[in-house]
Amino acid sequence: MIDPQTLWIMLHVVLLVYWLGADISVFYFSLQIIKTENSRETRAAIAKVLGFVNAFPSIASILMLPVGLMLASGKGLSPVNGGWLVLVWGLAGVWLLISVSAASQRGTPLGKTYSNVDLWVRIVLIAVLTIAAIASFTGGSPFASNWLALKVLLFAFVLVCGLGIRLTFAHFGPAFGRFMAEGSTLETEAALRVPVLRVKPWVLALWVGLIAMSLLGIAQPSL
Amino acid sequence: MEFWESLIVWLHLLLFVYWLGGDIGVFYTSFFRNNPKYDVETRTLLARITGDIDMAPRTTMVLMVPTGFSVAAIHGYLTISSTWLIAFWVLAAAWLVLVWWLHIEKDASKKAPWAKFDLRLRWVLMLTFVGISILSFINNEPITENFVALKLLIFAGTIGCGIGIRVAAKPYIAAFTQIKAEGSTPEREAQLQGSAKAARNWVKGIWVLVALAAFIGTWKPSF
């Protein structure tokens, strides 16, 4: 028989595939979309691909937390068990719906509301996870293992990077709309380039965070 | 886990992440590249971008050979000497140089003999790995665990699918070259679509096999 823990580990890894692995395409497409040698039609096609591929990291990143907590619970490393896990899954499901709705209704007032709620969910999570990690380091609770507490802290860091991406990239959509309407001019190209270049350090930091988390999860060192 | 063990397992995992995750971008962009509604210039540019992103799965597949054998060795599932492992790393490094050179070099006539060599190498590797796998199922040597031998057999299957893609895509490349030179005709588009569809089936085959190999690696069943 397959240990349920095996299935959760597999799911945990598959989520990383569709987060970190898909992100490399998102990153490369964003660099191509600012290249002046690519025609307007090409860049319009890239924008569509970008929108599609970017959905994978968005969804995977939200599911990562409940799946991670399932794993921690299965290993006996987390106080979030039983009914609390059900609650975590319920909340994650609602968050996923809000996030997906924010993306699918972008540009509408309702989409804006969803997007704001999603932003606050992330801010609260960053605070809660950071506090939980620090409490674990100093007081040994809620997470008894320091490597797991470090993963929790890194997850908060990754969420911060995500917010950095969101804030720096907010200008891209309007800039792209202007580029499509007015064509390639010095101004429209510059307006496209700025958010893409500013988002780079956030994306790289996010990757470093995820890669470090995956090493911690494998090595599970006693810190 | 020990430091080296963690490090090599981690590399193996990241390769899986970028293999399967990187493929999403390639897969989705290909639909735009194949769409006759876009002009030829756009499709050519998209073909170049798709080719660039495709280097993620191509690179990871090559590196999967030495990391896979190293993971097996470090867990004590291999009876071969470490000299062989070094040979696998050197071979993979040389093969990787070839794969990248084939991507970067634009002169088709210069590339042709090496592309043929690369294809033959894939045949040789596939058959060798099938041989090693079957031998191990029977003799428990050089791979001592059946699930590892099965993983090698599945990996040979992914090489086979890669060969399948190359064969299936031949009419595609011919049609795309004609479209670029002489423009789009319904016949050329039909040839392109048919070939692309066949190639996509091989790609999906790779996805299933790679995910299956990852699952078996996580599960580690003894049979």
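In what order do the elements of chain B run from the N terminus on? I read them off as α-α-α-α-α-α-α-α. The count is eight helices and zero strands. Helices (H or I, at least four residues) and strands (E, at least two) are DSSP runs, numbered from the N terminus.

I note that this is a predicted model, where local features need pLDDT of at least 70, side-chain atom pairs count only at pLDDT 80 or more, and totals for chains, interfaces and linings use all residues. Residues are numbered from 1 along each chain as its sequence is written, chains are lettered from A and ligands numbered from 1 in the order in which they are written, and side-chain values use heavy atoms, without hydrogens and water.

**Chain B overall**

I checked the radius of gyration (over C-alpha atoms; the globule rule is 2.2 Å times the number of residues to the power 0.38). Chain B has 19 Å, which agrees with the value near 17 Å for a compact globule of 223 residues. Its C-alpha atoms fill a box of roughly 60 × 35 × 35 Å along the principal axes. Buried residues make up 49% of the 223. Buried means under 20% relative accessible area, exposed over 50%, partly exposed in between, with a 1.4 Å probe and protein chains only.

**Helix α2 of chain A**

I compared its span with the expected one (1.5 Å times one less than its number of residues). The 35 residues, 40-74, should span 51 Å, and the end C-alpha atoms are 51 Å apart, which agrees. I also found a bend of about 35 degrees at Met64(A), with Pro66(A) following within four residues. The bend is the angle between axes fitted to the seven residues ending there and the seven starting there. Gly76(A) follows α2(A), with a positive phi near 75 degrees.

**Salt bridges**

I counted 11 over all chains. The rule is a side-chain nitrogen of Lys or Arg within 4 Å of a carboxyl oxygen of Asp or Glu.

Glu189(A) pairs with Arg43(A), the closest N and O atoms being 2.8 Å apart. Glu189(A) lies in helix α7 and Arg43(A) in helix α2 of chain A, so the pair ties together parts 146 residues apart in sequence. Glu189(A) is buried at 4%, and Arg43(A) is buried at 1%.

In chain B, I found Asp118(B) bridged to Arg166(B) at 4.0 Å. This pair links helix α5 to helix α6, 48 residues apart. Asp118(B) is buried at 4%, whereas Arg166(B) is partly exposed at 25%.

In chain A, Asp118(A), Arg122(A) and Arg166(A) are linked in a network of salt bridges.
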